[in-house]
Structures are given as C-alpha cells and as structure tokens.
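Colleague: I am new to this structure and would like a close look at a single part. Please take me through one strand and its surroundings, in short steps.

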Amino acid sequence: MAEPADAAAADEPRSPWLRTGFVTAAAFVGFVAVVGGAVVATSGGSDEAAAAPPATSSAPPPGATGAHASDGTCPTLSDTRQGVPTAEPAGVTWALYDGVALPASKAAGPADTGKDLARCYARTPLGALLASSQISVRYLAADDWKSVTRAQTVGAGRDSYLADRAAAEKTAAPDGDRPAHGQIAGFRFVTYHDTTAVIETVWRFPAGQLQAATTTMLWRAGDWRLEYPAAPAAPTPVDSLAGYVSWGGV
C-alpha cells in the first residue's frame, strides 16, 4: 500500500503494508488509513440483534489450524476475562505475517488459522484486541485479501473498498521497491462492550515514527469482525507511547 503523493510530500510515515503491483490513488485515503477503521457510533440494539454467543464445539482445542473452516463453527476458548487490559497481556505469542509481527493466544485466539485467514476469537477484550491486530493486517496484506475482507470485515465502506481496490489492481504497474512494514508498538481501549470494542493501536515505523489508528470491532455471527466505515479516518502521528500499553513482537 503506497501513500498518496500529498502525504508522501508531507514526509508522513508510509503506511505499513504494500501489496506488490498495487498502486493507490488519492481516492484510496480509506485504504491508506492504517487499519481502515474509525470510531463509529453503533446502535447497541442492532449489535445485540446481530451478535451470537460463542459457538460450542467438540472440535479440536484452541490453536488447531483450519479445523472449522468448512462449517464455520469455532471452539469454545478458555479466556473469559472481561477486564480491559491495562498492561501487556500474558500468554501472547508473536509470529511474522508478511513481515508484520502478529499476536496470538491459545486462550483467546485465533483458534483457526490458515494461510490468509485467522479467525475464532474469545468474546473478551483480549479476543477483540487480537482480532483487531490480525484482521487489520491480513485484509490489507493477504494474497487472498478479497476473501479475508468479505469474511472478517463489515460496514458501509466494505463493498466500495473491495470494488475500488480490485479495479486499481487491474491497472497497477508493478512496484520496484517494497517499503518496510510498520509494527505494532502499543494499544489502548477507547471503549469496550461484549458486542463492540473500540481500540487505538500505535504503529512504529523503521525510522522511529509512531502513528495511532483507531479500529472498531463488532461481535457478529460468533466472532469479532472489523468495521470498515464509509469514511475511514486517517491515522494520526503520536510523539510517544505515553498513555498506551507498550506491546509488540518486534
């Protein structure tokens, strides 16, 4: 993902992901927003109606790979803590995905991880945090980004993003150099409810710049989904991790 010319001219940090052969235009400001998310007012009634309790299954334990892709069910995960993390969560491991270190937990998910799709998270603050981190990278960087976007994002801007990005990729010229990725550096919860989590994530870039991006996660059909609004907010520069929980795998 390349930034528009005006952002590059302002010497802002590059967005963390770039698919080779994909050149964005100014119209892709939503795509340039680091995770394509914003703090969006959401009706509690509609969330509750759409929300489903975690599916109970006798399938393989959390951490199994690809175990539930065929029927869509998820195993019951052991994390039940409803307190918002105010320190680095315990039991989290990190693994690189397209150069970005992503977090996972046997207790909170993802319990089902394939080549591009990582799904099945606990209905807890930690589950929402892990889902936000995983999905926000994968729907941008995955080879099969269309499937990830359709499966794990919702919202008024999703269909436009799919159509606009697909059209742009058809005419994009291959890029010569792939920029360095941003990495997760910290987080804080803006709000949390068991159907809605608003999380601000700080990304650190190779030259040391920090950007904060806010993502809304919604509990839909038994799992956390990333909300892609009609007008995603651009990330904002921050000077330090003061006020955030320092957290990252690199």
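Modeller: Start with one facing pair: isoleucine 184 stands opposite tryptophan 203, which belongs to β7. This is a predicted model. Strand β7 is the part to look at here.

β7 spans residues 196-204. How many of its residues are buried? Of its 9 residues, 8 are buried, so the strand is mostly covered.

Now the partners. On one side comes β6, residues 183-193. β6 and β7 run antiparallel, and 9 bridges join them. The turn between them is a hairpin of 2 residues. The pair of isoleucine 184 and tryptophan 203 is one place to see the two strands face each other.

β8 comes next, residues 210-220. It also runs antiparallel to β7, and 9 bridges join these two strands. Here valine 198 stands opposite threonine 216 of β8. The hairpin of β7 and β8 has 5 residues between the strands. In that hairpin, glycine 208 takes a positive phi near 100 degrees.

A general point helps when you follow these strands by eye. In a regular strand the side chains alternate between the two faces of the sheet.

Next, the charged link between β6 and β7. Arginine 188 and glutamate 200 form a salt bridge, with N and O 3.0 Å apart. Arginine 188 sits in strand β6 and glutamate 200 in strand β7, so the bridge links parts of the chain 12 residues apart. Which of the two ends is covered? Glutamate 200 is buried, at 11% relative accessible area. Arginine 188 is partly exposed, at 32%. Side chains of opposite charge can pair when their charged atoms come close.

Now the nonpolar packing. The largest nonpolar core has 44 residues, and Ala197 and Trp224 touch the most other members. At least two residues of this core come from each of several elements, among them β6, β7, β8 and β9 (223-227). Helices contribute as well, including α5 (145-152) and α6 (158-171). The largest share, 10 residues, comes from α4. A second core is separate and has 7 residues, including Ala185, Val202, Leu210 and Ala212.

From Trp224 you can step to threonine 124. Threonine 124 is in contact with Trp224 and, among others, Tyr192. Its other contacts beyond its sequence neighbours include Asp79, Thr80, Arg81 and Gln82. Threonine 124 lies in the loop between β4 (118-119) and α4 (125-141). Is it buried or exposed? At 2% relative accessibility, threonine 124 is buried. A polar atom of its side chain lies 3.1 Å from the backbone nitrogen of glycine 127.

The loop that holds threonine 124 also holds one end of a disulfide. Cysteine 74 and cysteine 120 form that link, with their sulfur atoms 2.0 Å apart. The link is left-handed, at -75 degrees about the S-S bond. Cysteine 74 lies in the loop between α3 (44-50) and β1 (93-97), and cysteine 120 in the loop between β4 and α4, so the pair ties together parts 46 residues apart in sequence. Both ends are covered: cysteine 74 is buried at 7% relative accessible area, and cysteine 120 is buried at 1%. The count for the model is 1 disulfide.

Last, set the β6 to β7 salt bridge beside the others. The whole structure has 8 salt bridges. One of them joins arginine 165 and glutamate 169, with N and O 3.3 Å apart. These residues are 4 apart in helix α6, which means about one helical turn separates them. Arginine 165 is buried, at 0% relative accessibility. Glutamate 169 is partly exposed, at 24%.

Another salt bridge joins aspartate 116 and lysine 115, whose closest N and O atoms are 3.8 Å apart. Aspartate 116 is buried, at 9% relative accessibility. Lysine 115 is exposed, at 58%. These two are also part of a network of salt bridges with Asp143.

Back to the strand you asked about. β7 is mostly covered, is paired with β6 and with β8, and supplies residues to the largest nonpolar core.

Technical notes. Residues are numbered from 1 along each chain as its sequence is written. This is a predicted model: local features need pLDDT of at least 70, side-chain atom pairs count only at pLDDT 80 or more; totals for chains, interfaces and linings use all residues. Side-chain values use heavy atoms; hydrogens and water are left out. Buried means under 20% relative accessible area, exposed over 50%, partly exposed in between (1.4 Å probe, protein chains only). A polar contact is a pair of N or O atoms within 3.5 Å; within protein, one must be able to donate a hydrogen and the other to accept it, and residues adjacent in sequence count only if both atoms are side-chain atoms. Contact means heavy atoms within 4.5 Å. A disulfide is a pair of cysteine sulfur atoms within 2.5 Å. A nonpolar core is a set of buried Ala, Val, Leu, Ile, Met, Phe, Trp, Tyr and Cys residues joined through side-chain atoms within 4.5 Å. A salt bridge is a side-chain nitrogen of Lys or Arg within 4 Å of a carboxyl oxygen of Asp or Glu. Two strands pair if DSSP finds at least two bridges between them. Lists of a residue's contacts leave out its neighbours within four places in sequence.
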